Amino acid sequence: MTALTETQLPLPLVARGKVRDVYDSQLKEGKFDGALLFVATDRISAFDVILQNGIPDKGRLLTGMSRFWFDKIAPGIIPTHVLATSWEEFPEELRQRLVGVKDQVDGRSMLVRRARVIPIEAIVRGYITGSGWAEYQRTGTVHGITLPKGLQESQEIPGGPLFTPSTKAEQGEHDENIHPDEMTELIGPELSQKLIKAATTLYKKAADHARTQGIILADTKFEFGLLPADGHGYNGDLILIDEVLTPDSSRFWSADSYSPGKAQASFDKQYIRDWMKSQKLDSAAKSGTPVTLPPDVVQHTQEKYREAYARITGKSFT
């Protein structure tokens, strides 16, 4: 099976990110007026490097998981940018335009509303791990927030979950972890409080569902945008955007094997990160070194993504 690492659609390309290719749908009527087409490729990145080869079906898996979570957790909490998530839901005008490249779109794309992206990664941590654990070991803090002494790696954060924002960096640059007070200075107190409330409520709802499936949601990141209130400015409603709660943006652990005091096996990109570290490729972004994954790492990563999809949604991926 071949990975789709780049799409070529007969639509204006708006942006090409680490995973998604974003196109102008050129739709002009009804609820789809001005919509963007998000296409999740099979690209994968680690340590801010987009790897040379992708993970087959990864884009379809991410899209399926995001679709599940948007439907599961957003209602009653916050509107989302989602307009349509399947080929059958797309307007006939768009399907006719894309019929020759349906294989690049079907199952891996969403039509979404345009929004002004808020330049904050809204990270919510239920457990202390990753960069949070590394900072805690050095300073006793996470994103500058003081935590109790004596915590163990992977321990549930007392009084959590903890909202820990970061700035959104340009591609190839590193996001910067910041204190919530710094976020308030960047986007204002009212919007900050809305982000914190939405992100932590979404996390709790998602973590509760994951637990019923034998999964611990250790942490995740959300992204938010603002809709134009009058078609000109972006002072309208706050909405949930981008992907949600996939292995690319979250740490999922198996509850059966969870044991605090050490790093946990996870259903995310950690396997690739560990392989890159073992090959001394974790600083490849700084040196411009291209990185290609060996077949066994590709296969193992795909299996991890498939298992995460099946365990969280309760359905096998086809």
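Reader: Hi! I'm new to this one. How many bridges pair strand β6 with β7, and in which sense do they run?

Author: Welcome! This is a predicted model. In it, β6, which covers residues 82–84, pairs with β7 over two bridges, in the antiparallel sense.

Reader: Thanks! Which residue is the bridge partner of V82 in β7?

Author: That would be V112.

Reader: And how many bridges join β3 to β7?

Author: Four bridges join them. Strand β3 takes in residues 36–40, and β3 and β7 run antiparallel. One place to look is L37, whose bridge partner in β7 is L111.

Reader: While we're on β7, which way do its residues point, and are they buried or exposed?

Author: Strand β7 spans residues 109–112. S109 and L111 point one way, while M110 and V112 point the other way. All of them are buried.

Reader: Nice. Let me jump back towards the start of the chain. What do β1 and β2 form?

Author: They form a hairpin, with three residues between the two strands. β1 is residues 13–16 and β2 is residues 20–24. The strands run antiparallel and are joined by three bridges.

Reader: Which residue in β2 stands opposite R16?

Author: Look for D21 there.

Reader: Okay, helices now. How many residues does α1 have, and how far does it reach?

Author: Helix α1 has 16 residues, from 58 to 73. From its first C-alpha to its last it reaches 22 Å, close to the 22 Å expected at 1.5 Å a residue.

Reader: Is that helix mostly covered or mostly open?

Author: Mostly covered: 12 of the 16 residues in α1 are buried. Among them are the aromatic-named positions you can pick out easily, F68, W69 and F70. L61, L62 and I73 are also buried, as are G59 and G64.

Reader: Changing topic: how many cavities of 30 Å³ or more are there in the whole structure?

Author: A search of the whole structure finds one. The largest cavity has a volume of about 70 Å³.

Reader: Which elements each supply at least two residues of its lining?

Author: β3, α1 and β7 do, so we're back with elements you've already met. The lining includes F38, V39 and A40, along with L62, T63 and S66, and also S109 and M110. R20, R108 and E243 line the cavity too.

Reader: How does that lining divide by class?

Author: The largest cavity's lining has five nonpolar, three polar and three charged residues.

Reader: What about pockets? How much space lies in the second largest pocket?

Author: About 320 Å³. It is lined by 16 residues, and the closest to its centre are R60, G64, R67, Y309 and F317.

Reader: Which elements give two or more residues to that lining?

Author: α1 and α9, the latter being residues 295–313. α1 gives the most, with four residues.

Reader: And what's the mix of residue classes in that pocket's lining?

Author: The second largest pocket is lined by four nonpolar, seven polar and five charged residues.

Reader: One last spot: where is S266?

Author: S266 is in the loop between β17, residues 250–254, and α7, residues 270–278.

Reader: Why does S266 count as buried?

Author: Because its relative accessibility is 11%, and buried means under 20%.

Reader: What does the side chain of S266 make a polar contact with?

Author: With the side chain of D268, at 2.7 Å.

Definitions and conventions. Residues are numbered from 1 along each chain as its sequence is written. This is a predicted model: local features need pLDDT of at least 70, side-chain atom pairs count only at pLDDT 80 or more; totals for chains, interfaces and linings use all residues. Side-chain values use heavy atoms; hydrogens and water are left out. Two strands pair if DSSP finds at least two bridges between them. Buried means under 20% relative accessible area, exposed over 50%, partly exposed in between (1.4 Å probe, protein chains only). The expected span of a helix is 1.5 Å times one less than its number of residues. On a 1 Å grid over the protein atoms alone, a cavity is a set of points where a 1.4 Å probe fits but cannot get out, and a pocket is an open set with protein on both sides within 12 Å along at least five of seven lines; lining residues have an atom within 4 Å of a point. Grid points are joined across faces, edges and corners, and a volume is the space filled by probe spheres set on the points. Ala, Val, Leu, Ile, Met, Phe, Trp, Tyr, Cys and Pro count as nonpolar, Asp, Glu, Lys and Arg as charged, and the others, Gly among them, as polar. A polar contact is a pair of N or O atoms within 3.5 Å; within protein, one must be able to donate a hydrogen and the other to accept it, and residues adjacent in sequence count only if both atoms are side-chain atoms.
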